[in-house]
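Here are my notes on the structure, set out as numbered points. Please read them with the model open beside you.

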Amino acid sequence: MNNNIKLLENESIDDLQLDNLYIIQKKSGFRFGVDAVLLSNFARVKRNHRVIDLCSGTGIVPFLIYGKYKAKEIIGVEIQQDMVEMAGRSARYNEIDNIIKFYQADLKDLKFLHTLGKFDVLTVNPPYKLNNTGILNPEDKLAIARHEILCNLEDVIVASRKLLKDNGRMYMVHRPERLIDIFQLMRKHKIEPKRIQLVHPKVNKAPNIVLIEGQRDGGAYLKWEESLYVHNEDGSYTKEINKIYGREV
């Protein structure tokens, strides 16, 4: 660890309980949740892969993917400068800034994306709420992360098409109510849906998270994975979720 990394006011260094990795986050404000953990677990990554994470926030998905799979290169792209700066400090703190790099950029900037080259794997946890639910402050960090203020679903899929190698794989976490939009836009931009998994808060509750794998120029075949349940009836985490978090009991 590089203990010379300084924390700003309202920041903490949190143990990811994975391969001795840590992440810098705000004590209050945007913090990573179960979506990021599930996405990194759903992605299929090999050691020789180049990986890119869009809408990277504080960099949680790149750090989890590195901890799980040891990909040779991981890039995070995030539009909010303060989050990019925080993610960069996390990479330096973990002394893996030669492997994980972060860029402050707009994923709609296709000229910039071209400079990054092509990737085997792309992950994205995009804003999932349509930007038509009332007046929002465009400077609100949580609103930018959750609502389609600075980019929409089609922007994300267009960028993914641009960045993926032939037959490269895209992994997205989103909300089930947007599935029709997701499938329609993926097909429009020639990223074929290949695998899907629904995540339920508990048994007998409707799913509130969906994980989707797509393949650039892939053939038409969709596999449904067994559904995941986050909580048992008593509110405790299920065996499957504890395993994903690396805390098998």
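In which sense do β8 and β9 pair, and over how many bridges? Point 1 takes this up.

1. The model is predicted, which should be kept in mind throughout. β8 and β9 pair in the antiparallel sense, and eight bridges join them. Together β8 and β9 form a hairpin, with six residues between the two strands. In the turn, N204 has a positive phi of about 70°.

2. Strand β8 covers residues 191–202 and has other pairings as well. With strand β10 (residues 223–224) it pairs in the parallel sense over two bridges. With β11, β8 also pairs in the parallel sense, here over three bridges. I196 illustrates the arrangement: its bridge partner in β9 is I212, and its bridge partner in β10 is W224. V199 stands opposite L228 in β11. Strand β8 is mostly covered, since ten of its twelve residues are buried, that is, under 20% relative accessible area.

3. I212 deserves a closer look. This residue is found in strand β9. Is I212 buried or exposed? With a relative accessible area of 1%, I212 falls under the 20% limit and therefore counts as buried. The residues in contact with I212, leaving aside neighbours within four places in sequence, include F42, M170, Y171, L179, F183 and I196. M172 is also one of the contacts of I212. The two residues are 40 apart along the chain, yet their C-alpha atoms are separated by 5.3 Å.

4. Next, the nonpolar cores. The largest has 37 residues, and those with the most contacts inside it are L38, V45, F63 and I100. Elements that give two or more residues to this core include the helices α1 (34–42), α2 (60–69), α3 (81–93) and α8 (239–244), and also the strands β5 (100–104) and β7 (164–174). The most comes from α2, which gives seven residues. A second, separate core has 30 residues, among them A105, C151, V210 and I212. As background, nonpolar side chains tend to be buried together in soluble globular proteins.

5. L38 can serve as an example from the largest core. Setting aside neighbours within four places in sequence, L38 is in contact with V199, I209, L211, L228, I241 and I244. Two of these were met in point 2, where V199 stands opposite L228.

6. Helix α3 has 13 residues. From its first C-alpha to its last it reaches 18 Å, close to the 18 Å expected at 1.5 Å a residue. Its buried residues include M83, M86, A87 and Y93. What covers the buried residues of α3 includes β1 (11–15), β2 (22–26), α2, β4 (73–78) and β5. After α3 comes E95, whose phi is positive, near 60°.

7. T58 has its place in the loop between β3 (50–54) and α2. Why does T58 count as buried? Its relative accessibility is 3%, and the limit for a buried residue is under 20%, so T58 qualifies. Leaving aside neighbours within four places in sequence, T58 is in contact with I23, I24, F63, M83, M86 and A87. Of these contacts, M83, M86 and A87 are among the buried residues of α3. T58 and I23 are 35 residues apart in sequence, and their C-alpha atoms are 8.0 Å apart in space.

8. Two arginines lie over rings. The charged end of R195 sits over the ring of F42, 3.9 Å from its centre. R195 and F42 are both in the list of contacts of I212. R50 lies over the face of F119, at 4.1 Å from the ring centre.

9. There are also five aromatic pairs. One of them is Y237 with Y245: this pair is tilted, at 6.2 Å centre to centre with 35° between the planes. Y237 is partly exposed at 37% relative accessibility, and Y245 is partly exposed too, at 23%.

10. Finally, the chain as a whole. The protein chain has eight helices and eleven strands. Buried residues make up 49% of its 249 residues. Of the contacts between residues at least 6 apart in sequence, 69% join residues at least 24 apart. The contact of T58 with I23 is one example, at a separation of 35 residues.

Conventions: Residues numbered from 1 in each chain as written. Predicted model: local features only at pLDDT ≥ 70, side-chain atom pairs only at ≥ 80, totals over all residues. Heavy atoms only, no water. Core = buried A, V, L, I, M, F, W, Y, C linked by side-chain atoms within 4.5 Å. Buried < 20%, exposed > 50% of the residue type's maximum accessible area, 1.4 Å probe, protein only. Helix = DSSP H or I, 4+ residues; strand = E, 2+ residues; numbered from the N terminus. Contact = heavy atoms within 4.5 Å. Pairing = 2+ DSSP bridges. Phe/Tyr/Trp six-rings, centres within 6.5 Å; stacked < 30°, edge-to-face > 60°. Lys NZ or Arg CZ within 6 Å of the ring centre and 35° of its normal. Expected span 1.5 Å × (residues − 1).
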